[in-house]
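Q: I am new to this structure and would like to know how its labels are earned. Can we go through them one at a time?

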Amino acid sequence: MLIYYIYAKFIYMEILACPKCQGNHIIKSGVINSKQRYLCKKCNYFFTVNKIGKKIDDYYVTKALQLYLEGLSYREIERIIGVSHVTISNWVKSFNIKKPSHGNYHPTYKIFNHLELIEYIKNKDLLSGAGMIITELGDKFMLIKWERFKD
């Protein structure tokens, strides 16, 4: 049986069952090579838990890939989401995502809270002349706007 702990954006797992008998009556029994050692009270089996690392929540993976497809660079996505640009690059490669060409357009983005977004949308002059998308980003909203390059 595995239990998942969520801390910030990362998911950690902790084992709560004996790998030999699958019993759940285990106790801590010291530390070996900087790893916690456990004892199963049912079968008297000693075991340690391998380091499983950390996994970033799928929400952030999806959001990073969406932003990449919208034309933002790895470093811009890193600043917005808080995940390394190298990690984002690895996700793009692992999901085999090809960036569409935005030859005549370039994206700009702004982060708003709810009230700021409403005020921005009320101004009709800011809405005309460009394509735009609004996406949720935690408790805030990101407005991505495509404007034509000026010749």
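Q: Which elements do the buried residues of α3 pack against?
A: This is a predicted model, and in it the buried residues of α3 pack against β6 (55–56), α1 (58–69) and α2 (74–81).

Q: Which residues of α3 are the buried ones?
A: Helix α3 covers residues 85–94, and its buried residues are I88, S89, W91 and V92.

Q: What puts them on the same side of α3?
A: The arc they cover around the axis is only 160°, so they sit on the same side of α3.

Q: Which residues are exposed on the other side of α3?
A: K93 and S94 are exposed there. To be called exposed, a residue needs a relative accessible area over 50%.

Q: What makes S84 a cap for α3?
A: A side-chain oxygen of S84 lies 3.1 Å from the backbone nitrogen of V86. The cut-off for a polar contact is 3.5 Å, and 3.1 Å is within it. The capped end of α3 is the N-terminal one.

Q: What phi does N96 take, just after α3?
A: N96 has a positive phi of about 55°.

Q: How many disulfides does the structure hold?
A: It holds 0 disulfides.

Q: Why is there no bond between C21 and the closest cysteine sulfur?
A: The closest cysteine sulfur to that of C21 is in C40, 3.6 Å away. A disulfide needs the two sulfur atoms within 2.5 Å, so this pair is too far apart for a bond.

Q: Why is the sulfur of C43 not bonded to C40 either?
A: The sulfur of C43 is 3.7 Å from the one in C40, its closest cysteine sulfur. The limit is 2.5 Å, so this pair is also too far apart.

Q: Why are C21 and C43 called partly exposed?
A: C21 has a relative accessible area of 26%. C43 has 27%. Partly exposed lies between the 20% and 50% cut-offs, so both cysteines get that label.

Q: Why is the pair of Y38 and F47 called stacked?
A: A search of the whole structure finds 5 aromatic pairs. In one of them, Y38 and F47 lie 5.7 Å centre to centre, with 25° between the planes. Pairing needs centres within 6.5 Å, and stacking needs planes under 30 degrees apart, so this pair is stacked.

Q: What makes Y45 and F47 a stacked pair?
A: Their ring centres are 6.1 Å apart and their planes meet at 15°. Both values pass the cut-offs of 6.5 Å and 30 degrees, so the pair is stacked. Y38, Y45 and F47 form one aromatic cluster.

Q: Which members of this cluster are buried, and which is partly exposed?
A: Y38 has 11% relative accessibility, and F47 has a relative accessible area of 6%. Buried means under 20%, so Y38 and F47 are buried. Y45, with 33%, is partly exposed.

Q: How do you know that the charged end of R37 sits near the ring of F46?
A: The charged end of R37 sits over that ring, 4.1 Å from its centre. The distance cut-off is 6 Å, and 4.1 Å is within it.

Q: How many helices and strands does the chain have?
A: The chain has 5 helices and 9 strands.

Methods
Residues are numbered from 1 along each chain as its sequence is written. This is a predicted model: local features need pLDDT of at least 70, side-chain atom pairs count only at pLDDT 80 or more; totals for chains, interfaces and linings use all residues. Side-chain values use heavy atoms; hydrogens and water are left out. Buried means under 20% relative accessible area, exposed over 50%, partly exposed in between (1.4 Å probe, protein chains only). Helices (H or I, at least four residues) and strands (E, at least two) are DSSP runs, numbered from the N terminus. The arc is that of the directions from the helix axis to the C-beta atoms. Contact means heavy atoms within 4.5 Å. A polar contact is a pair of N or O atoms within 3.5 Å; within protein, one must be able to donate a hydrogen and the other to accept it, and residues adjacent in sequence count only if both atoms are side-chain atoms. Rings of Phe, Tyr and Trp (its six-membered ring) pair if their centres lie within 6.5 Å; planes under 30 degrees apart count as stacked, over 60 as edge-to-face and the rest as tilted. A charge sits over a ring if NZ of Lys or CZ of Arg is within 6 Å of the ring centre and within 35 degrees of the ring normal.
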